[in-house]
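Student: I'm new to this one. Can you walk me through it and tell me how each label is earned?

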Amino acid sequence: MKWILIVVLALGVGGAFTAVASAEEYEQEMWEIAADLACPVCSGQSVKDSNAPLARQIRALIVEKLEAGEDREAIVQFLVGRYGEGIRLDPPKSGFQLGVWLGPLVIIGVALGMVATVLWRRGRTQTAAAGLDDFVARVDAGLARRREDE
Amino acid sequence: MLDLGDLGRIALGFAFGGTVYAAVSGALGLRPGASALALSARNALTGVAVLATLALLILMAAFISHDFSLAFVAQNSSRAMPAPLTLAAVWGGQAGSLLVWAWILSVLSAFASWRVRLRAPDLAPHMTAVLAFLLVFFLGVLVFASSPFDELPIVPPDGQGLNPLLWDTAMQIHPPLLTAGYVSFAVPFALAVAALLVGKVDRTWVRTTRGWMLLAWSFQGAGLIIGAWWAYRVLGWGGYWGWDPVENVALVPWLLATAYLHSAMVQERRGMLKTWNIILALSAYVLAIFGTFVVRSGVLTSVHAFATSLLGPLFFGFLGAVTIAAVALVIYRRPILRGESHFESATSREAGFLINNLLLVSIAAATFWGTIFPLVSEIARGAKVAVGAPFYNQVNGPLMLALLALIGIGPMLSWHRTSFRRAVRRFAVPVATAVAVSGLLAGFGLRQGLPLIAFGAVAFVIGAVSIEFVRGAQTYSRHVGVSLAAAARIVMTTNRRRYGGYVVHLGMALIALAIIGTGFFKLEEPVALTRDQPAVVAGYTLTFKELRFSTAPDLTRVDADILITRPDGIIADVVPGRQIHRGWESQPISRVGIDTSWPAMTDLYVLLTAWDESGDSVTVRVIINPLVGYLWIGGLVYFAGVLVVAWPGTPLRRPVDRRRVEALAPRQTSP
């Protein structure tokens, strides 16, 4: 009888420990997921950072779903279905939202092209308005040479 | 009997009339031989500035005397608020903010008209006319669409009070500073339009504009830093920057101004990049207006919020008109915007500035695009999307890292071209510093590649800036024969633009340090604490001592006394708490407990999230923010650098250089 009690207790305690350990594990993952979700009722705060009741509910829901064995993508999809695409702070790199990622690439590409063109054009034509610029340039060069000599 | 509302409306009405007069006479005064009208326009603007000041003072008087017959006063203050806070409530709402905006613009316009007349007499009348036109819009909105002097039919006994999140010292300085920043971009804009109208985009233009851009840039920068400081201490989420639309739209003009301040040097020195500089000066203002429009119209929350107030369409129309006029002018004046010389080498100082501009404008454009993308999505397919921190971190992060490295590289490049020998000599020390710091950190067990590179870049910048200071002082002391310390002081004070700029660079390196620390090494953990039971979090020991409840007439408060022992053994305490203001029960305010350690400037940031009514246990959220304090130090250094650059007085003197120029000139000019 005593032995049975001890075994049951040990199992219970052990079970409790595993439960605690996995809950902590899930919590860690939950915060990571929550950081990339917009709190639907706040302005500009993530589900992770917000203290709003809804944000807390969503966090609890994420833990629940993690415990039920769902993965991150499935949970995010579920929340997108419920609250709309506006909940994703991290825009997917596909579909329409690919546009937000392509924008900066296009801008940087165009800017790089412009800079390259400007730099390549050097030397092809000599200074148009010589005068002062030319003088300043030669003074600069002279100064640089002197500094070099120091 | 006139009350404060009537007086305010009268002052605003006359100010509006005066501005319309200034705009019309300013425009007519541009014809040849009509300079008397131009002079009259300038004088009228001074009068407008006085009237707008009067209107602002009247609104302040209404707040202090709790004149709740004014709707704006009733909505944004209450009898319980202390007097300084009551004054801050002036910018707690839309109409009051607009009045502050118009007031700053009127004072600035009058001041600029008077000052630019001495510096750039050709441009002054055109600039005055442009500023008067801008002012017509803002005063018009105040008079006809959104007045802080509208009266309520029934006077309420008390006002609704100010959102408790704004009950903070930072809120008394952040909004006016940022407004001053936004507004000040009007002067570079007006100067750019003036230069295009006159057809002279010369060195006088670029120099005059630079001064005014510096003003706008430093206001905006100070506004951003103080805003971050407020968010960090008051909002209680452990961060200082969230890539929120309101923050983004304030950052974009600052980035463009930073780009201008650098590329302006290329035009001053080599007569290049004229179109580019004009576009930067114009777009900084257009985007500042866009920022205000976004913040004030609610358009980013939903396209549908746009039409709820008249302000949205008005601002949108203004923005459109200003943009179209600016673009048309640039196209019309293309012929005079051609550069006077060409780039000679990709390893020149001017090429460095070009890449600096590329990076700054790319960050600005990416930020802008991310901010408006939800709007684009809603218009294009009716679905709302969010673009949050992950996007900006991934896109802007690498660009900012490159920019950081360039802060170190740029100043070491020579104009025209940099010889290889010289490059090796100049880069040796900073590169060695960077390698040493990264190596040391790796030796201490830091194994993440990106932070290692980033810390190396900070070390590189600090090394480069220090070397520049030392080299400057050494050269001077050798040539003039004074001690190194004296030479350092003289060099600093005679070439304030350059060395002030280096101080600003140093500030940026410190800010980068804080961003790297919090970006890569932030720790966050919820902790349950029982009275007198120590708990350990990331090397800190926290012991919860006591829970205190207190009530004041208008708020209830709970504070948790927590004793902490830092990893290095120093004992301190933090008191996180919550307070609930009467009338704002749905918005409890976190009182963050912050412990900053020196010299790591690492914060233990403690938030009280739950407590047991008996006072035996509390739950706190503990956040470790490594190096975050360098953000505030960097901000102060940034501002010190700005003061060095902008301090009036000592003219730019270069005793050594002038002698050399004189020695060189006759030989080189006579062939």
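Student: What makes the meeting of the side chains of Arg471(B) and Glu468(B) a salt bridge?

Tutor: First, a word on the model: it is predicted, so local features need pLDDT of at least 70 and side-chain atom pairs count only at pLDDT 80 or more, while totals for chains, interfaces and linings use all residues. Residues are numbered from 1 along each chain as its sequence is written, chains are lettered from A and ligands numbered from 1 in the order in which they are written, and side-chain values use heavy atoms, with hydrogens and water left out. Now, a salt bridge needs a side-chain nitrogen of Lys or Arg within 4 Å of a carboxyl oxygen of Asp or Glu. For Arg471(B) and Glu468(B), the N to O distance is 3.4 Å, so the pair passes the 4 Å rule.

Student: Where do Arg471(B) and Glu468(B) sit along helix H16 of chain B?

Tutor: They are 3 residues apart in that helix (residues 449–480), so about one helical turn separates them. Helices here are DSSP runs of H or I with at least four residues, strands are E runs of at least two, and both are numbered from the N terminus.

Student: Why is Glu468(B) called buried or exposed?

Tutor: Buried means under 20% relative accessible area, exposed means over 50%, and partly exposed lies in between (1.4 Å probe, protein chains only). Glu468(B) has 3%, so it counts as buried. Arg471(B), at 24%, is partly exposed.

Student: What about Glu340(B) and Lys274(B), which form a salt bridge?

Tutor: Their closest N and O atoms are 2.9 Å apart. This pair links distant parts of the chain, 66 residues apart: Glu340(B) is in the loop between helix H12 (311–332) and H13 of chain B, and Lys274(B) is in helix H11 of chain B. Glu340(B) has 21%, so it is partly exposed; Lys274(B) has 8%, so it is buried.

Student: How many salt bridges are there over all chains?

Tutor: The count comes to 21. Another of them joins Glu350(B) and Arg270(B), whose closest N and O atoms are 2.6 Å apart.

Student: How do you know whether the radius of gyration of chain B agrees with a compact globule?

Tutor: The radius is taken over C-alpha atoms, and the globule rule is 2.2 Å times the number of residues to the power 0.38. With 671 residues that gives a value near 26 Å; chain B has 27 Å, so it agrees. Chain B also has 20 helices and 10 strands, and buried residues make up 55% of it.
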